[in-house]
Amino acid sequence: MRVSPAILSAQNTHIYRKNFSNIPVLQTQSLQTFKGNEATRTEEPNLNTYIPLMSNKMKLNENLKFFVNGLNKIDTDEKRKKEPLQIADIGCCDGALSRSISPYLPNSTKYFGLDLSPDMLEIAKQKDKGKIDSTYVVGNAFNLPYKENKMDAIIASSIMHELYSYESKEYNEKPYSKESILHFMQGANECLKPGGVLIIKDPATAGSDAWEMVKICDANKNDGATPPIEDDEELKDADITKLCTYDKLKRFAMDFYPAHGNIAWDEDDNCIMPRWLVTEFVRHRKWLATPENWAYEIKENYGTLRPDEMADFAKKAGFNAIKIENISIPNENNIYAIRLGEFKIKDMEDNELSLEDFPMFLEVVLRKPRQ
């Protein structure tokens, strides 16, 4: 069966070897096309799903090592060495990151968590009891509730792409503007002490090969509670958690807005898409515990930055760059890994690709210069 080009949305990738930009069935559009989209969030994520996933990610050794090493880049002086470290975790969820790094920092360290979800912060307070000195505030990353030159470090794990999808009333930015990320970085610079660091880890996106074409092959049509659905209207209304992998891929194409017009199926039912869409589909499959989870995550319309974009924003925000690098994660440690038999990823010459060919995260350490 041949399926006509579908609709979707996303953004992430990595560097491969060859250019397949001449594939005729796809339209290569800039993400800026979608800047004015007015989608809004209407519900909290399902905490029973969201918190365990975020907490598990915090426990990955390489993730922990990155944040601890980044904190070691704080440029301090003798006076400040006698004062407790003050660290703000932006988009802190249940406080898992602060608790994870705390064994590697002085016991006197003070942690400040900021999140939009009161429910998550209540859970964080309960988990922190007797473990760390923490203060939590419900707040907006575009209006950080900290005094100028107060923090030694600001850490942001997997929240930059969310800032992209939020409307920033403080800066008159509509949703899906990368300028919102710059505004956050400028605000973070103001809150940091001279010599303080901003540490960011976020989903990665590709560089110059973002529109290089790859394909998803052998998508399983028999692994769902529901057989493949032929009718598109029926598929749009189906319970996403019961779909087979093949239909999840089609549904992703319908729901994920920024990729509209940039995905197609060939005669062999291989799904052809730009590299930046592959990791988006792999990531979003992790949010299928409830239809509400899927609906919440699909709205985010990832606004991840390429390393060169992040370097430009760092300079504009007044930081010195210490590290800006895309990284991959070995499959055995990758929480986004493909499950056995779901599908295969191949290039346009039918060479099978590993998830290690696609960077999972952008790691960033920036330091506020001393005056």
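1. Two strands count as paired if DSSP finds at least two bridges between them, and strands here, like helices, are DSSP runs (E, at least two residues, for strands; H or I, at least four residues, for helices) numbered from the N terminus. What follows concerns a predicted model, in which local features need pLDDT of at least 70 and side-chain atom pairs count only at pLDDT 80 or more, while totals for chains, interfaces and linings use all residues. Residues are numbered from 1 along each chain as its sequence is written, and side-chain values use heavy atoms, with hydrogens and water left out.

2. On the overall build, the protein has 12 helices and 12 strands, and 56% of its 371 residues are buried, where buried means under 20% relative accessible area, exposed over 50% and partly exposed in between, with a 1.4 Å probe and protein chains only. Taking contact as heavy atoms within 4.5 Å, 80% of the contacts between residues at least 6 apart in sequence join residues at least 24 apart.

3. One open sheet consists of 5 strands in the order S7-S8-S6-S10-S11, with antiparallel pairing. S7 and strand S11 (352-353) stand at the edges, and because each has a single partner strand, one side of each is left without a neighbour in the sheet. S10 and S11 run antiparallel and are joined by 2 bridges; the bridge partner of Lys-346 in S11 is Glu-352.

4. Helix H10 packs on this sheet, where H10 touches S6, S8, S10 and S11, and its direction makes about 110° with that of S8; axes are lines fitted to C-alpha atoms, for helices over the stretch in contact, and angles run from 0 to 180 degrees between N-to-C directions.

5. Helix H9 (residues 245-255) is mostly covered, since 10 of its 11 residues are buried, and among these buried residues are Tyr-246, Leu-249, Phe-252 and Met-254, together with charged-type names such as Asp-247 and Lys-248. The buried residues of H9 pack against strand S6 (213-217), helix H8 (232-237), strand S7 (264-265), strand S8 (271-274), H10 and helix H11 (291-298).

6. The structure holds 6 aromatic pairs, a pair being rings of Phe, Tyr and Trp (its six-membered ring) whose centres lie within 6.5 Å, with planes under 30 degrees apart counted as stacked, over 60 as edge-to-face and the rest as tilted. Phe-66 and Phe-67 form an edge-to-face pair, 5.1 Å centre to centre with 70° between the planes; Phe-66 is buried at a relative accessible area of 6%, and Phe-67 is buried at 0%.

7. Phe-281 and Phe-343 form a tilted pair, 5.6 Å centre to centre with 45° between the planes. This pair links distant parts of the chain, 62 residues apart, with Phe-281 in helix H10 (residues 275-284) and Phe-343 in the loop between strand S9 (320-327) and strand S10 (344-347). Phe-281 is buried, with a relative accessible area of 1%, and Phe-343 also counts as buried, at 6%. Ring pairs link both of these residues with Phe-252 and Phe-256 into a cluster.

8. A charge sits over a ring if NZ of Lys or CZ of Arg is within 6 Å of the ring centre and within 35 degrees of the ring normal. Lys-201 lies over the face of Phe-361, at 5.1 Å from the ring centre, and the charged end of Arg-275 sits over the ring of Phe-358, 4.2 Å from its centre.

9. Asp-128, found in helix H5 (residues 118-128), is buried, with a relative accessible area of 2%. Leaving aside residues up to four places away in sequence, Asp-128 touches Arg-99, Ser-134 and Tyr-136.
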